[in-house]
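Biologist: Before we discuss details, could you put the model in front of us?

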Amino acid sequence: MEIDKIIHEPARLRIMMILAGLEEADFTFLVTTLDLTRGNLNRHMEKLESAGYLKVKRSFKGKVRNTSYQLTQKGSDALARYWEDIDAVRRLGKS
Amino acid sequence: MRSKQNNKSQNQGMEKLKEIPKWTRRYTQNRTLTILALMVMLGLFSMCIAALVGFLLALAFAGFRKGNIILGCVGIAVLAAVLAAIVKFCIFMYAKFGGKNKGLLDQIIDHRIYSREGTASMPIPEATKKKKWLEITVTIVWGTLFLGTMYLGMVNYIPVKYVQPISALYCVPYMVLGWYFWRSPRTGPIFLLNPTLYAIHAILILAGVPIFFKSSFGAVLNMSLPMLGYGYLTFIIGHLYSRYALKKLKGLTHLEGDTANGD
């Protein structure tokens, strides 16, 4: 059993968990909720996007550029698998 | 011993992380200030139209009744111009925010109110043609019953005291089903507070509590005030709950300095 290292990073795990409860969320929402710097969040989002876990939607809200993120099916499956693995590791630790 | 305690607290921390989607949903579903703002705007717009049309009609009638034909004609002409302006405004609003742009106005207001917090959205309920037509039909039936009950109350066919309890018979199911079929999961179960309060209001009246108006406008006030008042109250409570949910969410998602910036 191998834990998904992309998801296992604390900030990325939280990003994935936030998006798991929603249809989509924009960059501002994630920055304020996670209290990360914009650059740091950007780096995490790029990693998740390149792994195929996120879908990025770029649009304009009036004159302001807006970037929204959505969890893909692959991301959703990976997150479910991650929790299964973590729970299995914790069960092993208990016994 | 210490490592056992560490493991236990780590496990608890991981378990808490599983609550993130729940609090994210609760926060998003209760960003109700947008609906409240829309309701206030619609209420003010309706009141302005009612006041303007009522005033002009009264002016025209008074003119004709007193034999002042010029005043009557001016009243009718201005009323026609006002009605034409209202129709033009409605067409403009539909062109800008209706049809393909449905939901754009909500988005703009939402962005204004919550711009500092960013945007998060729940899935929109699937809109099939059948569902849409059912919604329109049910709303027309509800609107007819609502206005009908109000009218029957105004002409004293239904005692003013019983106007609200009778309206609760169809308003409560309409609001509950409306939430279940067309609003959930976009709006959370807090929306059900509105029909619940409306039903409690009706039960209290039937139990003899004097929470109704007896004046000539009693029928209108007894129905519209609880409907609007409980609606506003529900959305204010929803907004306050969203603040609590956001606080909980931030408590779960904030990382300590080094962990936050690590990779």
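The questions below concern one helix and the contact between the chains.

Modeller: This is a predicted model, in which local features need pLDDT of at least 70, side-chain atom pairs count only at pLDDT 80 or more, and totals for chains, interfaces and linings use all residues. Residues are numbered from 1 along each chain as its sequence is written, while chains are lettered from A and ligands numbered from 1 in the order in which they are written.

Biologist: What span should the 24 residues of helix H7 of chain B have?

Modeller: Helices (H or I, at least four residues) and strands (E, at least two) are DSSP runs, numbered from the N terminus. The expected span of a helix is 1.5 Å times one less than its number of residues. The end C-alpha atoms of H7(B), residues 160-183, are 32 Å apart, which agrees with the expected 34 Å.

Biologist: On which residue is the kink in H7(B) centred?

Modeller: The bend at a residue is the angle between axes fitted to the seven residues ending there and the seven starting there. In H7(B) the kink is about 40 degrees, and its centre is B:Ala168.

Biologist: Which element gives the most to the side of chain A that touches chain B?

Modeller: Two residues are in contact if their C-beta atoms, placed from the backbone, lie within 7 Å, and here 26 residues from chain A meet 27 residues from chain B. Helix H2 (10-20), strand E1 (24-26), helix H3 (27-34) and helix H5 (73-94) of chain A each supply at least two residues of that side. The most, 7 residues, comes from H2(A).
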